[in-house]
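Thanks for asking me to take a look at this one. Here are my notes, written so you can follow along with the structure open.

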Amino acid sequence: MSLTEKWLKPSTLADLRRVDAGWLALRQAQEPPKTVVQKSASRLTDISFDVAIAGGTLGILLGAALAKQGLRVALIERGMLRGRAQEWNISRSDLDIFVELELLTPAELERAMATHCSRSAIRFPGAKPIWVEGVLDIGIDPIYLLAVLKEKFLQCGGQLFENTAFMGATIHPNGVQAGALTCRLFVDAMGHLSPITQQARNGQKPEGICLVVGSCAQGFAANDESDLIASLTPVVNYCQYLWETFPARDGRTTYLFTYVDTSLERPSLEALFEDYLRVLPDYQGTALEALQIERSLFGLFPAYQSGGIGSRFDRVLAVGDSSGSQSPLSFGGFGAMVRHLKRLTFGICESLQWDCLESPDLDQLQPYQPNLAATWLFQKTMCVEVNQKIGPDQVNRLLSSVFVQMESLGSEVLRPFLQDVVQFQALTKTLLSLAIAEPGLVAGIVAQVGPWALLDWSRHYLSLGLYSGLYRLFEHQHSFFANLPAPWCYRLKRSLDAWEYGSGSDLGKIGR
Ligand SMILES: Cc1cc2nc3c(=O)[nH]c(=O)nc-3n(C[C@H](O)[C@H](O)[C@H](O)COP(=O)(O)OP(=O)(O)OC[C@H]3O[C@@H](n4cnc5c(N)ncnc54)[C@H](O)[C@@H]3O)c2cc1C
């Protein structure tokens, strides 16, 4: 009997194997996706909602925010709208937006914060830990958060349809019909496996996957610190294992994650879980027998080199995981949604106000973000190709050196990166100091990723510089843009948003 079979409940093991079957199918040849979105030339006679959202997990964040702005919003969820038991880790500074948008009172926000961690480490073999504060330092209670947002949504007139699955939608010139619902704008918040996204991507395979397994367990020594990234081993079986741990309400959460591509030879989640249980006692200094596993956690996060899908259909917009617009390095989709909540809320309100609902206009609501595109290269340096020959310690050495350089450059360089925000100046300084301190290592990385990846990356790096410059130049022109006639006002304001968020200039600007 394997450790996984011994330690996981039978129902959890069955779930793990079900997700693994999906992971195998993704690596094998893909079936063509079903057509769930169609077009019709006829006009709808009656439109009941401004916005209809499918998928309630992150959909309710946007649903509540839009209903609060006075829009008529419907939300359909195939199950019951309820948060998961496992906390979402996020940085405290990202959370004030809930109060600013009047979705939570300060007391409710306080209550939603289930755990706090005092400081967080970055650990690599043979190197001193690097400590930071205020990064992913809060564990949000999803059950409480979603319950409060659901209540606010209903209070503001939102209509919730639980146990109602999205089956398909027809786009008309003046609206969208999905089942019995009619709306002006349809929002897809159905996660990575959204049938709309699958149709929009037309069976395209993701170029990168982050595989994650872990658990929340009791029995560890009391500890209110976390690890944001920890490595214990060299590259084994073409995988560099990385670890994370956070204090949790029900004990302690530990994750093992690794970046891979979709080669058939890649490990199953069950194989990864086996390694997780084998190494966990060494990582946390606690025997498995001393632990009581409260819940097991696993998932896979696809990432596309081309980034988010933008909007491929008129009047249909993807948000949350289905949009594919979060960092390819992190599995922090909740955090990404919170960071973009204000931009999306006001952007959607204005798209409805000025009837900017065709695909190119909606594309501007999920725009190209060079700061995320630039992180592709980092993903690639941590993803060892099957049969690729690299030194077993190369990834550890690279990551350790990058973090040492960032720490020496100060917290204004290190902290944004840890919060999934890459900024032009900080990135330039880090790369220059790395090239000076470790030229041999940099040459090894260039050989590992190859010239084409580097060339492609240069394009995103230059765009990052351009976006930073454009945002600085125009950041005070909001009111000038606001006075222009629609649709120019809408388009220029969205461009300003794209330059701001795409250059990481949004960091720490909540409350403006
Ligand atoms: C192990 C693990 C740990 C994580 N930790 C963190 C963390 O610490 N911090 C963080 O920021 N993020 C974290 N995440 C990521 C975060 O959970 C996701 O980004 C987030 O759940 C994405 O929400 P979503 O609504 O976009 O998609 P999903 O979570 O996939 O939700 C989709 C929703 O749509 C509904 N739905 C699906 N199909 C239909 C349909 N046909 N009709 C109607 N409804 C439908 C589903 O029932 C569900 O409610 C973690 C994820 C995992 C797996």
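The points below start with the ligand, move on to the sheets, and end with a couple of backbone oddities.

1. **What you are looking at.** Keep in mind that this is a predicted model. Everything that follows should be read with that in mind.

2. **Where the ligand sits.** Start with the ligand and look outwards: 26 residues surround it, and the closest are Thr-57, Glu-77, Asn-89, Phe-166 and Gly-335. Sorted by class, that shell holds twelve nonpolar, ten polar and four charged residues. Two domains are involved here. Domain 1 (3–29 + 205–303) and domain 2 (37–118 + 132–203 + 309–368) each give residues to the shell, so the ligand lies between them.

3. **Backbone contacts to the ligand.** Which atoms of Asn-89 come 2.8 Å from an oxygen atom of the ligand, backbone or side chain? For Asn-89 it is a backbone N or O atom. Phe-331 also uses a backbone N or O atom, this time 3.0 Å from a nitrogen atom of the ligand. At Gly-333, a polar backbone atom is 3.4 Å from a ligand oxygen. On its own the ligand would expose 1,000 Å², and the protein buries 85% of that. As for secondary structure, the elements that give two or more residues to the shell are strand E4 (88–90), strand E17 (292–303) and helix H9 (333–353).

4. **The three-stranded sheet.** E4 turns up again in an open sheet of three strands, ordered E4-E8-E5 with antiparallel pairing. E4 and strand E5 (113–116) are at the edges with a single partner strand each, so one side of each has no neighbour in the sheet. From one strand to the next, the twist averages 30 degrees. If you want a place to check the register, E5 and strand E8 (residues 138–140) pair over three antiparallel bridges. Within that pairing, His-116 has Ile-138 of E8 as its bridge partner.

5. **The seven-stranded sheet.** The other ligand-shell strand, E17, belongs to an open sheet of seven strands. What is the order of the strands there? Reading across, it goes E7-E6-E14-E15-E16-E13-E17, and the pairing is mixed. Strand E7 (130–132) and E17 are the edge strands, each pairing on one side only. Here the twist averages 20 degrees from one strand to the next.

6. **The E17 edge.** At this end of the sheet, strand E13 (residues 208–218) and E17 pair in the antiparallel sense over eleven bridges. A handy landmark is Ser-215, which stands opposite Ser-296 in E17.

7. **The E7 edge.** At the other end, strand E6 (residues 120–123) pairs with E7 in the antiparallel sense over three bridges. E6 and E7 form a hairpin with six residues between the strands, and Gly-126 in that hairpin has a positive phi near 80 degrees. E6 also runs parallel to strand E14 (residues 226–230), joined to E14 by four bridges. Ile-122 is worth finding on screen: its bridge partner in E7 is Ile-130, and Ile-122 also stands opposite Ile-229 in E14.

8. **E1, E10 and E11.** How do strand E1 (residues 37–39) and strand E10 (residues 169–172) pair, parallel or antiparallel? Those two are parallel, with three bridges between them, and Gln-38 is matched with Thr-170 in E10. E10 then runs antiparallel to strand E11 (residues 175–178), again through three bridges. Thr-170 serves this pairing too, with Gln-177 as its bridge partner in E11. The link is short on paper: E10 and E11 make a hairpin with two residues between them.

9. **Backbone oddities to check.** Leu-136 has a positive phi of about 45 degrees although it is not a glycine. You will find Leu-136 in the loop between E7 and E8. The second item is a cis peptide bond between Ala-486 and Pro-487, with omega about 5 degrees. Pro-487 lies in the loop that runs between helix H18 (478–482) and helix H19 (488–502).

Methods:
Residues numbered from 1 in each chain as written. Predicted model: local features only at pLDDT ≥ 70, side-chain atom pairs only at ≥ 80, totals over all residues. Heavy atoms only, no water. Near = heavy atom within 4 Å. Polar contact = N/O pair within 3.5 Å; in protein donor to acceptor, adjacent residues only side chain to side chain. Areas by Shrake-Rupley, 256 points an atom, 1.4 Å probe, with all protein chains shown as cover. Nonpolar A, V, L, I, M, F, W, Y, C, P; charged D, E, K, R; others polar. Domains from an automatic or database assignment. Pairing = 2+ DSSP bridges. Axes fitted to C-alpha atoms, helices over the stretch in contact; angles between N-to-C directions.
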